[in-house]
There are 2 protein chains.
Amino acid sequence: MNEMLIIKIGGQVIDDGVTLERFLKELSKVESPCILVHGGGKLATRMSERLGIEAKLIDGRRITDAATLEVVTMVYGGLVNRQLVASLQALGKPAMGLTGADGDLIRSKKREHATIDYGFVGDVTQVNTSGFEAILRQGQIPVIAPLSHDGQGQILNTNADTMAQSIAVAMSKLYSTTLVFGFEKAGVLRDLSDEGSVILQINKAEYNDLKTTGVVHTGMIPKLDNAFEAISQGVQRVIIGKADELSDLLNGKSGTTLKHE
Amino acid sequence: MNEMLIIKIGGQVIDDGVTLERFLKELSKVESPCILVHGGGKLATRMSERLGIEAKLIDGRRITDAATLEVVTMVYGGLVNRQLVASLQALGKPAMGLTGADGDLIRSKKREHATIDYGFVGDVTQVNTSGFEAILRQGQIPVIAPLSHDGQGQILNTNADTMAQSIAVAMSKLYSTTLVFGFEKAGVLRDLSDEGSVILQINKAEYNDLKTTGVVHTGMIPKLDNAFEAISQGVQRVIIGKADELSDLLNGKSGTTLKHE
């Protein structure tokens, strides 16, 4: 199987100009077909504040009322997404900025929950792998904003980690797929106070041990749970680490690589 | 030569939900390859006001400082563009929302002017016809926001009429190209007080006569000058009229069709 790379970068990478520039330079050197998924949390929160819209979070998930959906469509789907593309073009890397609505790439269903009204939040139901392949065949990096659609004209706010994971799982049927969660941390640390104590490789049993002994930072747990879920659903390799060390992440010199067993 | 349709819709069509819905339904029935270019003026002005950014216009052109560029990138490149795409998908019409940066479709040069600093405004220098063709071959309508890039990472605000015209001129070398300027007016009127007095066909000489006798509304003059310029640069047909009467515009039953001679 040919190789395919799905990279997710979080809001902290977007917010930090120096880190972002380093990441984009690293990305521009990647030769395998590649899909970039981005967040953009803080910028959306800041824009909401400027517009007098109160940001609400439950369990780290943004509650998306109509006004907030407008903001995230503007900030994620416009500002962040288009600027990432313009920057990649300047580095000679062809890119195309898209949401799940564009090319019908990612469909979702409005989340229904017994007690919490998440508003215009969508859970991924379908990834259009042939749509992605058509764009990749043109030599373009699809740059994906964390927005999907329900096929009935409704744009839905969708968690960027989940989008990346869904794309990776779908693509893993066709390609040997590596999913990279790039953020500001070095990976899973054996000692939280020591950035040098990165665990380079980890399997599910070792992860469970670390959870039991409380070594894993609580903020990392949902990320790692999702990452192991991706592995169990067929993604060949998941790597967690600093976005701007992309080439080292890919050759195993930095970050934490999750193993099948 | 195969047929190709380039349609530009203005801010008034975007702002009026009923007209927009009618236009999109008409568009979804079009079978030729099609590129849609949209404006979105009033929404950007309104967003600028909400953010306390003063909108400046010189000769109808928006002066684009850094804050305004942020707004138009959000509103044109995000909100308007993505919603148009989601609506087209709901009508079963595959679409992809793009700026000139995406796929390096439209490059521009920051406008230099002896006395006026237009800010981040770009004049089109290059249309990537093979990029458009690759998207059209996938059966997608490229939905183009009035933003381009300079290839050095800078997004530039670009007049939607000019974008549509530049795309049409470039495409007219490869396709028999029809350029439609869809807006809220019925076309060129013989009697301004009578919407029924539309001139169905007009050539350059007849247009010059109407200008001389003051029959043409002053607001229409730049639009018609540009349209005749497009004809002289090789566009096979230009039609001006109501966006939501698209099929009638195309079969000559409404709007004004500009003739070569």
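**Exercise 1. Which strands of chain B does helix α8 (residues 221–232) lie across, and at about what angle to β13(B) does it run?**

Before we start, this is a predicted model, in which local features need pLDDT of at least 70, side-chain atom pairs count only at pLDDT 80 or more, and totals for chains, interfaces and linings use all residues. Residues are numbered from 1 along each chain as its sequence is written, while chains are lettered from A and ligands numbered from 1 in the order in which they are written.

*Step 1.* Find the elements: helices (H or I, at least four residues) and strands (E, at least two) are DSSP runs, numbered from the N terminus.

*Step 2.* Look for contacts, meaning residue pairs whose C-beta atoms, placed from the backbone, lie within 7 Å. Helix α8 of chain B lies across β11, β13 (237–242) and β14 (256–258) of chain B.

*Step 3.* Compare directions, using lines fitted to C-alpha atoms (for helices over the stretch in contact) and angles from 0 to 180 degrees between N-to-C directions. The helix runs at about 155° to β13(B).

**Exercise 2. Work out the order of the sheet in chain B and find its edges.**

*Step 1.* Recall that strands of a sheet pair through backbone hydrogen bonds, either parallel or antiparallel. Here two strands pair if DSSP finds at least two bridges between them.

*Step 2.* Trace the open sheet of chain B: its eight strands come in the order β5-β8-β2-β1-β11-β13-β14-β12, with mixed pairing.

*Step 3.* Now the edges: β5 (95–98) and β12 (201–202) of chain B each have a single partner strand, so one side of each has no neighbour in the sheet.

*Step 4.* Follow β5(B) to its partner. Four bridges link β5(B) in parallel to β8 (residues 141–144) of chain B, and B:Met96 has B:Pro142 in β8(B) as its bridge partner. Helix α6 (residues 160–171) of chain B also packs on this sheet, touching β1 (3–9), β2 (34–38), β8 and β11 (176–183) of chain B.

**Exercise 3. Describe the surroundings of β13(B).**

*Step 1.* On one pairing, β13(B) runs parallel to β11(B), joined by six bridges; B:Thr178 is partnered there with B:Arg237.

*Step 2.* With β14(B), the pairing of β13(B) is antiparallel over three bridges, and B:Ile240 has B:Thr256 as its bridge partner.

*Step 3.* Check burial: a residue is buried if 20 or more other C-beta atoms lie within 10 Å of its own, exposed if 12 or fewer, and partly exposed in between, with C-beta atoms placed from the backbone. Six of the six residues of β13(B) are buried, so this strand is largely enclosed by the rest of the structure.

**Exercise 4. Show how chains A and B are related and how they meet.**

*Step 1.* Superpose the copies by least squares on the C-alpha atoms of residues with pLDDT of at least 70 in both. A turn of 180° and a shift of 0.0 Å along the axis lay chain A on chain B with an RMSD of 0.0 Å. That is the relation of a two-fold axis.

*Step 2.* Find the residue of chain A that comes closest to the rotation axis: A:Gly78, at 1.8 Å (C-alpha).

*Step 3.* Count the interface: 35 residues of chain A are in contact with 35 residues of chain B. On the chain A side, α4(A) gives the largest share, 14 residues.

*Step 4.* Compare the two sides. In chain B, 100% of the interface residues of chain A are interface residues too, so the copies meet through the same surface.

Note on methods: Two residues are in contact if their C-beta atoms, placed from the backbone, lie within 7 Å.
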